[in-house]
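A colleague asked for a short note on this structure. The points below go from the overall make-up to single residues.

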Amino acid sequence: MNMHFEGSSNVTLLFDFWDVRGPAGMVLSVFVVLLLTVMYELLKVWKITVGKQKHTSVTHPPAPVSFSPEQSCFAPVMNCQRGSSALASSPSEISLAPTETIATADTTTAANKSWLVHCLQTAIHILQVTLGYMLMLCVMSYNVWIFLGVIMGSVLGYFLAFPLLNHI
């Protein structure tokens, strides 16, 4: 196998059945490789989009309890000697109190949705890695035209896909 780039129109890409012989086959192969590279760039954006949606769908804990200045023990020490009722309502005592967790349908649904989103991200990642290695092997055919097809597909895919991230 040659270890330098050639400009020939004869090349075998990835599999034995993808044997390119002639200029028409090379043009078609470059176009297919270009489309695969655009799809690779779109998969990157899709994975980021799914990840952003996953983080926005996570339920947030309720807002912290606000306390009036009279209940605060951050004042001088003389003001903190109010008795056990003031101590029981202080932030430190409330944070130590056990909280009840009630499993609701909403939390179960959110957990299931989070799991499905994670599975979708995993499937997208598998596709992205597989496609990336296939494109790398296409470049390793050391054909100038295939290499340029991958580069132009990456440029075109980035140009088309990454502005979509601003709309998320």
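The numbered points that follow describe a predicted model.

1. Overall make-up. The protein has five helices and two strands. In sequence order the pattern reads β-β-α-α-α-α-α, with the strands placed ahead of the helices. Of the contacts between residues at least 6 apart in sequence, 72% connect residues at least 24 apart.

2. Burial and surface. The protein has 168 residues, and 24% of them are buried. Its accessible surface is about 12100 Å², and carbon and sulfur atoms account for 70% of that area.

3. Nonpolar core. In soluble globular proteins, nonpolar side chains tend to be buried together. Here the largest nonpolar core contains 18 residues. Leu13, Met26, Val33, Leu135 and Ile146 have the most contacts inside this core. Helix H1 (23–56), helix H4 (105–139) and H5 are the elements that contribute two or more residues to the core.

4. Leucine 13. Which residues does leucine 13 contact, once neighbours within four places in sequence are set aside? They are Trp18, Ser29, Val33, Cys138, Ser141 and Ile146. Two of these partners, Val33 and Ile146, are also listed with Leu13 among the core residues with the most contacts.

5. Leucine 14. The next residue to look at is leucine 14, in the loop between E1 and strand E2 (19–21). Leucine 14 is not a glycine, yet its phi is positive, at about 60°. Its relative accessible area is 29%, so with the cut-off for buried at under 20% and for exposed at over 50%, leucine 14 is partly exposed.

6. The loop between H4 and H5. Both serine 141 and tyrosine 142 are found in this loop. Serine 141 has a relative accessibility of 17% and counts as buried. Tyrosine 142, at 19%, also counts as buried; because the cut-off is under 20%, the value for tyrosine 142 falls on the buried side. Tyrosine 142 has a positive phi of about 60° and is not a glycine.

7. Serine 141 and cysteine 138. A polar atom in the side chain of serine 141 lies 2.6 Å from the backbone oxygen of cysteine 138. Cysteine 138 is buried, at 1% relative accessible area. Both Cys138 and Ser141 are in contact with leucine 13.

8. Cysteines. How many disulfides does the model contain? The count is zero. A disulfide is a covalent bond between the sulfur atoms of two cysteines. Cysteine 119 is partly exposed, with a relative accessible area of 34%, whereas cysteine 138 is buried.

9. Aromatic pairs. The model has four aromatic pairs. In one of them, the rings of phenylalanine 5 and phenylalanine 147 have centres 5.2 Å apart and planes at 55°. Planes under 30 degrees apart would be stacked and those over 60 edge-to-face, so this pair is tilted. Phenylalanine 5 is in the segment before strand E1 (10–12) and phenylalanine 147 is in helix H5 (residues 144–161), so the pair ties together parts 142 residues apart in sequence. Both rings belong to partly exposed residues: phenylalanine 5 has a relative accessibility of 41% and phenylalanine 147 has 30%.

10. A second pair and a cluster. Phenylalanine 15 and phenylalanine 17 form a stacked pair, with 5.3 Å from centre to centre and 5° between the planes. Phenylalanine 15 is partly exposed at 41% relative accessible area, while phenylalanine 17 is exposed at 72%. Elsewhere, Phe5, Tyr142 and Phe147 make up one aromatic cluster. Its member tyrosine 142 is buried, whereas phenylalanine 5 and phenylalanine 147 are partly exposed.

11. Alanine 161. Is alanine 161, in helix H5, buried or exposed? With 0% relative accessibility, alanine 161 counts as buried. Leaving out residues up to four places away in sequence, alanine 161 touches Glu41, Leu42 and Val45. Its C-alpha atom is 9.5 Å from that of methionine 39, a residue 122 places away along the chain.

Definitions and conventions
Residues numbered from 1 in each chain as written. Predicted model: local features only at pLDDT ≥ 70, side-chain atom pairs only at ≥ 80, totals over all residues. Heavy atoms only, no water. Phe/Tyr/Trp six-rings, centres within 6.5 Å; stacked < 30°, edge-to-face > 60°. Helix = DSSP H or I, 4+ residues; strand = E, 2+ residues; numbered from the N terminus. Buried < 20%, exposed > 50% of the residue type's maximum accessible area, 1.4 Å probe, protein only. Core = buried A, V, L, I, M, F, W, Y, C linked by side-chain atoms within 4.5 Å. Contact = heavy atoms within 4.5 Å. Polar contact = N/O pair within 3.5 Å; in protein donor to acceptor, adjacent residues only side chain to side chain. Areas by Shrake-Rupley, 256 points an atom, 1.4 Å probe, with all protein chains shown as cover. Disulfide = S-S within 2.5 Å.
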